[in-house]
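User: I want to learn how to read interfaces in a model with two chains. Where should I start?

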Amino acid sequence: MDYDLTRIDYIITGITYPDTLKVLPATTPKSQQKFVVGDKNGVLQCLGIKDEEPVVQFKTLPGKPITSVQLSCVSGVQTDKIFVATGNEVKGYTRKGKVFLTIETSVSETITSMCVVGGDLILCSGRTVTCYRDLREMNSYVCEDRVLDMAVFAAPNSTRIRLLALVANKGAVLLENGRLIAHATISSGPSRLAVPPTHHSNDTHAFYGAVDGCIGLIVYQDSMLTTICLMECRGLGAVVCMGWFFSVGGAHLAIGRHDGSIQLYLVDLENITEKPRLKFTYFCGEPVTSVTGGSIGSEDNELLASTFSGRIFALRSRRHASGSLAMANIPQEAFASRRSKLETEVARLEKQTANEREKYQRSTRSLNAGLSAPPLLDIQCELTGAKEDGWQEARITSAVPLDMLFVYCGRKLDMKTDSAAVLSICSSQGTNQDLLATVRCQAGTRRLWVRMRYKVGINMRISESVSVLIYVLPAGAPRVARLLVVRMPLLPYYSQHENQSVENELRSWAEVLVTGSFSVAEMTSWLTEVLPGELPRPSNNIVFARSHTLLKTILLCQYRRGNAVFKTDNISTLAVIRDIMSNCSVTKSIRVEITYDIPSDCCLKSFIRLQEYFEEEYKKHNSLFIKKAIRSLDLDDKAVNDEEHTLCEDYWHIWNAVDEDNTKSNFEELVGKSS
Amino acid sequence: MQVSTVQPVFKLELNHKVTPGIVTIAKFDGTHPCLTASAGYDKIIIHHPHIGVVSGRAQRSEAHGEVSELSLSQAVIALAAGPLRPDCNRDMLLIGSPSQILAYDVHDNTDLFFKDAPDGVNVITVGTFGKHSEPLAFVGGNSSVQGLSWQGTELFWNVVSGKVCAMITFDFDKDGENELLVGSDDSYIRVLKNNQYILEIAETGPIVCLSPVTEVRFSYGLANGTIGIYEEGIRLWRVKSKQNALALQWSGETLVCCWCNGRVDWRDGTTGRVLRRVQMRTGAAAMLLADYRSMGVPDIVCVSDKGEVLGYAPYQENNGFNAASKKLPSEEDRLAITELFNKKQALMIELQHYEANAASGSVSLDALERPATAMPTNTRLQVAVNASIQNRCLDLTISTNNETIVRTALVLAEGIFETGETLARHPAPSQLRSILQIPLKPPRDVPVDVHIKALVGYPDSEQFHIFELTKQLPRFSMYTTAPQNARVSKDSYVTFRITERVQRICIWINQNFLLDQELELASEETKDLQITLYCLRDQSLLHMNFGADGQVKFYTSDIRLAGDLIQSLAVYLNLTDLQVTFISYNLSIIFCNNLAMRLIKKVTPPLNMMCS
């Protein structure tokens, strides 16, 4: 690790959403910058740091949750106009905190990201990207899935703008004037964009961070949108936010991740396709929601970050943080005085809490029962689709440290958990059909995953999704446990999104047609019993394709009001869908007609394909096994060199051809042996 | 806690794989320490950076110039070293194979002795013990320990009721003589003094490592991931991890713990708080304490399973490890500020909770309007434990005092559940009541602390209130008052004589048993006491007869139970010596041989017993 940065805490806010912390541009070249942050309570505050002490410039009253904070850009330069999105509303603030703009937009869903460039305001909400010019709606584009993030570029030789948007499960799209001009699929599931700060106006490129942790580059060149993966960050958490940090060493891409880590990668802005170099890592223990650079606490640049639970802190070079050289303008006792102030404040809070606690305790002893209704704990939980090995992961993020989880399920499941927690499967109660388990967390755990999977070999004749109840017990007060209900779909393997063009592939498609008086919303809710992940939001006509992560079979879904068609080359999948459709329609008492069309060669073709797949995986599995064996022999160069190797031809070939790090065989999973 | 960037003071590669756990450091020439380890089935490697080439049977290794290899014809199970020979101060190497022990003088290339170990070899340790002036080699087998002199003569032998997993010599009772601490896989740490067990500490899992700390303290590690420190037989602290501890060492006022996955942490000696932590690149094979740099102070020497050796200097409080980078006062303030913010955040969340409560004061309890998180403030939880003869278990009953329901209950205790450390109950929606019963079946007669977490609310609540309680189950909680007509077989019993008022005996029974009704004596004048108890585990009967003349008879066919009872009573009455007679018609044949001795020793460690 090259840099030595230490943490300096500034303030605590409410829970923050991704990308809600921004650093205001400096008024004069050598002055300290101020920053704005918006939280879930709807409070927007602007702060500056003077002698290590945060000084509030302005602070708004609580309101609806703030989901996005942006600064407006005029010809590529950030200004000090602050734009804040809450729900479907956008407000503009000056650096003094004066509201100069309030618009209630016509978008139906919460605004998740926005951009303000000159007179253009671009909003992303749900699946739509809407453009406003001078507060008039110009155009909008509806993507196939949720829009996750967006960046704006100037179109060459025109006043128009180009939008690069990341669409969930699909990849990236480039829009101009409300029309799609290019698109690219990115398999790693990109979640965030970062535009290099000094890009030439003609270039359209941006870095992306993905759910699987990797970092890449999207480039638009010669009417083609191409993507390159620059860093495979295996084992690191999903990218939540990205920012830029400048120091003497150059430009750094700052990455904040869901696993609580912050990385600084040195990027060569002249040659952006070059692999970024990791320079610094910091773990803060909870998801990082924003990272950005700026000269906040001193004239030198530091990295400013916010976390899910609302901690705002800086990472400052240790030389500056504690040295006497560069900090001549800051009194030595700044930290000490701040510490003593905080100590008094905490002492006061402690007293106040003790009073309130006492009051509460008294009420528990009184005869006339009051009501204890603590607010819901801030806990987020999401369930991923199954990978090849069949595990589905529930990721739990909490604003308060956790003590333990209690997991209950009416069926037996396999379970695994984080290395930071101890899983203990309890003996089941009587019937032997259920799963009871506790997960004890290490002190200070705020995020944690639990993996679950259907037991291998158990006959899957169930006709609805399996509910898993997770009770989350926090470590401190309030002593309440929140119940989370996670539904495990019947076909968890169909988590891989595919392009609709797979329909044209040479497969033998079996088809089931469902007709009846159901709405698109109803069909979507029935499908949530079957398929993992988020389904497309109801609209007139929905078409999407998924593939089985292990068997590679395809499921095509196409439905509109009163009519649904499912096509697949896996007959078992079809049977499950049929069962669910008839079950769900019966419980909803909706009459449906179900008809099939199964070509006679459907099973045969599928089996042949499976056989080939099995053979291929088996070969891969064996090669890996042999390679491992050869490696443990510790052969010297003579045995394996190119010209006169002593290793026999077959083994030599395996030795050179198989790349252990990048080749993975699913054979164990296919034969059901995996752990 | 982040992985800190502590730099090792030395680092070297052995270029050999190392078998975890089979590593020692010895001064074969009397002055220079040499790392000695098993490098696979029967190969021993000796790292000797200070001395030249080790001659004799050892071969110079091709993979590393300063390493010599020693090949045996048998698997190496354990390694130890110590200055066994009274005529010189050189360390002798002790090599344990599945059924033999070889003592080898590496420097002179001579065998000291070669001895069969019919009971197997699990651990070897060298140290002084009791009255013996010269160091002995202790060999822990599958159910015994033996002490050997330098010539290989057996100086003592004793039984252990399980496989010996860890052993140290340690002056447990501060009398100037060392005792032997034996940790076994039946979850007991036993203290052996002069061939008698003076104390038995029940733990919650097989003991995998023991290490002396200071005069009165020692540390222990269990196979279930627990580590902790005992002070004069009382546990100071313990922490549990998912990993297994491989080795524990006391260095610079901290307990250093090396985990199997290669993590090493330095913990505060009195609280167990982690002070520093490093992660080795691969799994750990050993961690030892040795002055490998010849600096006069022992360093922590960590060995990874790939043969990497890292040395760490003792932890020093003020400046951690890096004396060079002195911490500035502002640095300390910064850390304190972060810590204060943590505190502030927690307090603010708690305050919000009370504020929200105050705000919701006017909301009615009506099911329709009730928020999904609500509960009457005066809800209380009651817990009772009673024996259920029908289900042959203890029933833990949890109930609330109003219409709220017990949604789920978790019972946390160690060593009493077949699977893991928790028992949970989560009734089906149709069976949600304000009362919940949980069956408990402690498998051993040891006192158990059960922690109960109950989630209380309404059936449709989204958030539940957590009620936490701790209940102690007495040692003999699985025995309940037998029905009036129960007849006890008088075949087997133990008998002894004590001079104690039955009133005190009565208190002992009430403290150690969980009877439906506390035992009360008929009058002050009562001189004798009889009680018949029923074991919920195996439905057997136990009859205790405390005669007016001080003669006590425990009628039971379970010899372990008899031993436990005598031990518990003796501890309660502060008896150090008791003559006990054991009569069993069924076991009379067994009495002919050695096994009886073993049985008796096993059941009543702290007492001198005589068999008849």
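What follows is a walk through the interfaces, between chains and between domains.

User: What kind of model is this?
Analyst: It is a predicted model. Keep that in mind for each contact below.

User: How do I judge the interface of chain A and chain B?
Analyst: The size of an interface is often given as the accessible area lost when the parts come together. Here the area buried between chain A and chain B is about 6600 Å². Carbon and sulfur atoms give 59% of that area. In residues, 77 from chain A touch 63 from chain B.

User: How many salt bridges cross between chain A and chain B?
Analyst: The rule finds 5. One pair to inspect is A:Asp403 with B:Lys453, where the closest N and O atoms are 2.9 Å apart. Then look at polar contacts: 16 residue pairs cross this interface, both residues of each pair at pLDDT 80 or more.

User: Which element gives the most to the side of chain A that touches chain B?
Analyst: Helix α2 of chain A, residues 334-365, with 18 residues. Next, sort that side of chain A by class. It has 39 nonpolar, 20 polar and 18 charged residues.

User: Which strands pair between the chains?
Analyst: Look for bridges that link a strand of one chain to a strand of the other. Strand β38 of chain A (residues 480-488) pairs with strand β37 of chain B (residues 463-473). The sense is antiparallel, over 3 bridges. To find the register, take A:Val480, which stands opposite B:His465 in β37(B).

User: Now inside chain A. Which domains does it have?
Analyst: Begin with the bounds. Chain A is divided into domain 1 (1-16 + 240-327), domain 2 (379-488), domain 3 (496-599) and domain 4 (613-670). Take domain 2 and domain 3 of chain A: their centres, over C-alpha atoms, are separated by 28 Å. The contact uses 10 residues of domain 2 and 7 of domain 3. These two domains of chain A bury about 710 Å² between them, 43% of it on carbon and sulfur atoms.

User: What joins the side chains of A:Arg487 and A:Glu529?
Analyst: A salt bridge, at 3.2 Å from N to O. The count between domain 2 and domain 3 of chain A is 1 salt bridge. There is also 1 residue pair in polar contact across this interface, both at pLDDT 80 or more. The side of domain 2 of chain A that touches domain 3 has 1 nonpolar, 4 polar and 5 charged residues.

User: And where are the domains of chain B?
Analyst: The assignment gives domain 1 (21-202), domain 2 (381-473) and domain 3 (479-603). In chain B, 31 Å separate the centres of domain 2 and domain 3, taken over C-alpha atoms. Their contact takes 12 residues from domain 2 and 11 from domain 3. The buried area between them is about 950 Å², with 54% from carbon and sulfur atoms.

User: Which three residues of domain 2 of chain B supply more of its buried area against domain 3 than any other three?
Analyst: B:Ile389, B:Arg392 and B:Asp445, with 61%. B:Asp445 also forms a salt bridge with B:Arg537, the closest N and O atoms being 3.0 Å apart. The rule finds 1 salt bridge across this interface of chain B. Polar contacts between the two domains number 5 residue pairs, both residues at pLDDT 80 or more. On the domain 2 side, β31(B) gives the most, with 4 residues. By class, that side has 7 nonpolar, 2 polar and 3 charged residues.

Technical notes:
Residues numbered from 1 in each chain as written. Chains lettered and ligands numbered in written order. Predicted model: local features only at pLDDT ≥ 70, side-chain atom pairs only at ≥ 80, totals over all residues. Heavy atoms only, no water. Domains from an automatic or database assignment. Contact = heavy atoms within 4.5 Å. Buried area = accessible area lost by both parts, 1.4 Å probe. Salt bridge = Lys/Arg side-chain N within 4 Å of Asp/Glu carboxyl O. Polar contact = N/O pair within 3.5 Å; in protein donor to acceptor, adjacent residues only side chain to side chain. Nonpolar A, V, L, I, M, F, W, Y, C, P; charged D, E, K, R; others polar. Helix = DSSP H or I, 4+ residues; strand = E, 2+ residues; numbered from the N terminus. Pairing = 2+ DSSP bridges.
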